[in-house]
Amino acid sequence: MTLPKAETTLRSQAGSASIDRLPFAFARDQQVILDGTQLIVGPSATDMGLREAQRRASGIGAALTVLDSTETDFTAALNRVYQAGSDASDTGLSFDLAETAGPNRQPDLLEDSSDAPVIQLVNQLLRRAVSSGASDLHIEPYEGGLRARMRVDGFLQKIMDRNDVPVRRVVSRLKVMAGLDIAETRLPQDGRIPLSMGGRMIDTRVSSLPGNYGERIVLRILDRSAGLMELTDLGLSDRQVALLERMSALPNGIILATGPTGAGKTTTLYSLLKLANRDERNIVTVEDPIEYDLPGISQSQINADIGMTFANGLRATLRQDPDVILVGEIRDAETGSVAAQAALTGHLVFSSLHANGSVGAVVRLRDLGLDDFLIAATLRGVVAQRLLRRLCSECTAPRALTTSETALFTRHGIDVPAHLNEPVGCDTCGPSGYLGRVGIFEMIEVGEALRGAIDAGANETQMRALALKESETLFGQGLEQVAAGHTSLSETLRVVGDVA
């Protein structure tokens, strides 16, 4: 396509001036962005878009510098220009999600909307949560009105508390977007809202729960465009990376990731799948939901409403000639039994389990009804993990250790650091003093000694003594991060506690 006048600079009668931005949807679809006096042109820019940019520049006598860009650079510029300087708490903002979306694309959080204030409010809250990197958004009706909170780095932050909001209309709006039954207010419901924000694909899982003052809505936010992190970026040591590589190469057995909701279990399992993914292996997953698209891997979505449960999905995958199977979660005796049978018949099974620690996974499997001999025969390894808030690099303050803190490091076999870092708070991180998170991991590989203890019905204390050194426990790994200056001792105690 030929640019107007074929020059790199378009000039009008007067000097440069500030030009109003094009509407987001127009800029995205026509592949043109007005950024001050720059015209950023995408590879598929249209004549209509260029003419409109020229018209706006000519209207105020401005000079436009035309910048050609690749598709990747154009998307990055689109995000930068339309997110810059626009606080989602600004009541003047209005973003539509569903009504302006065509049938073949996801609604975009940056699109303009002139719809009802309720729609604008809901979209502002969603956009604020996505922009802040929140993992969850809570919409909570109470006697005095409506409160909204978002979870960032594991902590809930209040972003709205108003008494003039039509609670039922806000809740109904979210339920409509998630495809839920707005007439049913007595029973919990689950759904999802696929979104995009400036080209970033966002998936949200929606849960409604009836309460005294209306239905409470919680949205779990997943940024699909973030991609998977490398193992070394997760906070794993070289020894732990080598152990994961060894476990992912096993021909059969069960490998579990344990921890509370939001601890990063799925990310660890996906990283294991990447290690196990080779051309000679057939890998099949059964997930709820499918969080990342993995090239070369067959992924299936759970749908309990029509009978596609984890157990039934796992049985179906066994007829697909798999070498490696990922089951999103072992949450009942049936799924655990099928997973164990799959491991016994020569398959490598990855799954997650809600347990407090690595050895605690054995206790949890017993609680689900699996026999000790079956656990001993199939379990190959367990990864327990937590996420600690990382100290802001701009504002940490060192302090001396107390006698009891020195003894804590000594008792766990970790070199005592010269000082401890404490959070302060600054413009970069806000008042918290933390920015981002780092993972800590407790890993066990089931060898002969531990296998015999499991088969003999040993309790958790006995198995822990066989499987882990003090420095290898979750608390010991947290102290390693404290000694390295990555987090504070108070944060480690808050998340893990001194359980040794």
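User: If contact means heavy atoms within 4.5 Å, which residues is Leu256 in contact with, leaving aside its neighbours within four places in sequence?

Analyst: In this predicted model, Leu256 meets that cut-off with Ile330, Ser351, Leu353, Ala361, Leu365, Leu379, Gly381, Val382 and Val383, once its neighbours within four places in sequence are set aside.

User: What makes a set of residues a nonpolar core, and how many residues does the largest one have?

Analyst: The members must be buried residues of the nonpolar kinds, joined through side-chain atoms within 4.5 Å, and the largest set that qualifies has 35 residues. Those with the most contacts inside this core are Ile254, Leu256, Leu353, Ile375, Leu379, Ile454 and Met463. Helix α9, residues 333-344, gives the most to it, with five residues. A second core, separate from this one, has 32 residues, including Leu126, Met150, Ile217 and Ile221.

User: How do you know that the buried residues of α13 line one face of the helix?

Analyst: The buried residues of α13, which spans residues 448-455, are Leu450, Ala453 and Ile454. Seen down the helix axis, these buried residues fall within an arc of 100 degrees, and therefore they line one face of α13. Their cover includes α10 (360-367), α11 (372-378), β19 (434-445) and α14 (460-467). After the helix comes Gly457, with a positive phi near 80 degrees.

User: Which residues of α5 are buried, and what covers them?

Analyst: Within α5, residues 167-177, the buried residues are Val167, Val170, Val171, Arg173, Leu174, Lys175 and Met177. What covers them includes the helix α4 (117-131) and the strands β5 (136-142), β6 (145-152), β8 (189-197) and β10 (216-223). Just after α5, Gly179 has a positive phi of about 75 degrees.

User: Why is Gln31 called buried, and what is notable about its phi?

Analyst: Gln31 has a relative accessible area of 15%, and since buried means under 20%, Gln31 is therefore counted as buried. Its phi is positive, about 65 degrees, although Gln31 is not a glycine. Most residues other than glycine have a negative phi. Gln31 sits in the loop between α1 (24-30) and β2 (32-35).

User: Why is Asp153 called partly exposed?

Analyst: The relative accessible area of Asp153 is 22%, and because partly exposed covers values between the 20% and 50% limits, Asp153 is given that term. Asp153, in the loop between β6 and β7 (155-162), also has a positive phi, near 55 degrees, without being a glycine.

User: What does the record place at residues 318-332, and what does the chain look like there?

Analyst: UniProt, in an unreviewed entry, places the feature "domain: Bacterial type II secretion system protein E" at these residues. Over residues 318-332 the chain is 0% helix and 27% strand, and the end C-alpha atoms are 19 Å apart.

User: How many residues reach a pLDDT of 70 or more, and where does pLDDT stay under 50?

Analyst: The mean pLDDT of the protein is 84, and 88% of its residues reach 70 or more. The predictor's confidence stays under 50 over residues 1-16, where the model has 35 contacts beyond four places in sequence, and over residues 85-105, where the model has 55 such contacts.

Conventions
Residues numbered from 1 in each chain as written. Heavy atoms only, no water. UniProt positions renumbered as here; feature names shortened; annotations may be inferred. Helix = DSSP H or I, 4+ residues; strand = E, 2+ residues; numbered from the N terminus. Buried < 20%, exposed > 50% of the residue type's maximum accessible area, 1.4 Å probe, protein only. Arc of directions from axis to C-beta. Contact = heavy atoms within 4.5 Å. pLDDT = per-residue confidence, 0-100.
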